[in-house]
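Reader: Hi! I'd love a close look at one part of this model rather than a tour of everything. Could you pick a spot and walk me through it slowly, with the cut-offs behind your terms?

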Amino acid sequence: MRCPLLLSGQCREILNQMAQYSQSRFDASFGALSDPTRRGVLEQLMRADASISDLAERFHMTLTGMSKHIGVLEQAQLVATQKVGRVRTCSLGARRLDDEAAWLENYRRLWAERFDALDTVLEDLKRKEKRDGRKSGQ
Amino acid sequence: MVEKAGNEPMGKRTISERRSEREMVITRTFDAPARLVFKAWTTPELFKQWWVPKSSGATLLSCEQDVRVGGGYRLEFAHPQGGAPMAFFGRYLEVVPDARLVWTNEESPDGAVTTVTFEDRAGKTLLVMRELYPSKEAMDIAIEGMDEAMPETFEQLDEFLLTLAAGTPGR
């Protein structure tokens, strides 16, 4: 009852979809990649290294805002930075999506989907209780 | 080691965290009293309505839950790719109505023990789920389970996951 689909059924599903979409472009996923700007940054860095100010400009952000995003990506080891003089240059990190990160994200995704469905069930239950005259909650 | 993955739309975040070498923790808040969340978790007719993610393509064939200390549960799934149904089963170690459930996962020899707590917070419920593996090795095996199922390299998996998140392609 933990996350069975993740380790078996969902895995097969992933394989199945992989076959269909393996050519698709690099775009976004797990934890650090849930944010569109960070996905964009990685896409950009796949093409070429860039400084934080380059990236800030490209994504119409402040330096501080971009530095935060880079910090998140750096922590996930998706991006590496190197300071030369006054310029901090970003490049793709050593680790892309390793097995653990992939597992963790799939795990979260599985539960997020379950829990969203549970929300619906709970709304139904609340509605029924209200209809039956019982005050829900407090 | 702590790794986090988060961010859910509409402020209804499901947060997962690898809390230690052998423990995963997931938290989520529901807009309903703990009594109802517990009910949805322990009543098979309700449980069936939310447990199987649509994106998995799997179908829940049967669901038995004997929710009391020492009672068992058993879930059987069918998958569109066919093959024998997969069964997941275990026993309830602790049952505190509207507050706490602890169960074993016995389909694999080194399965985790899962603890779910339901905390009432002004009519909402904070749910915390922990999966504690017997050892670091057991958790690594669970993680590697995914690896083994992959005939291709992880680069391809990277691409696939990234594509999925980019807009969940139609099937």
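**Around strand β5 of chain B**

Author: Happy to! Let's begin with a single pair: Glu76(B) has Ala87(B) as its bridge partner in β6(B). Please keep in mind that this is a predicted model, in which local features need pLDDT of at least 70 and side-chain atom pairs count only at pLDDT 80 or more, while totals for chains, interfaces and linings use all residues. Residues are numbered from 1 along each chain as its sequence is written, and chains are lettered from A and ligands numbered from 1 in the order in which they are written.

Strands here are DSSP runs of E with at least two residues, helices are runs of H or I with at least four, and both are numbered from the N terminus. Two strands pair if DSSP finds at least two bridges between them. By that rule β5(B) pairs with β6(B), antiparallel, over six bridges. β5(B) also runs antiparallel to β4 (residues 59-65) of chain B, again with six bridges. One of the pairs there links Thr59(B) to Ala78(B) in β5(B). Six residues separate β4(B) from β5(B) in the hairpin that they form, and Gly70(B) in its turn has a positive phi of about 90°.

Now for the two faces of β5 (residues 72-78) of chain B. Tyr73(B), Leu75(B) and Phe77(B) make up the covered face. Gly72(B), Arg74(B), Glu76(B) and Ala78(B) lie on the uncovered one, so the Glu76(B) we started from is on the uncovered face, as is Ala78(B), the partner of Thr59(B).

Moving along the chain, β6 (86-96) leads through a loop to β7 (100-104), and Asp98(B) is found in that loop. Its phi is near 65°, a positive value in a residue other than glycine. Asp98(B) counts as partly exposed because it has 15 C-beta neighbours inside 10 Å; with C-beta atoms placed from the backbone, 20 or more others within 10 Å would make a residue buried, 12 or fewer exposed, and anything in between is partly exposed.

For a companion case, look at His60(A), in the loop between α4 (52-58) and α5 (63-75) of chain A. His60(A) is not a glycine either, yet its phi is positive, about 50°. With 9 C-beta neighbours inside 10 Å, His60(A) counts as exposed.
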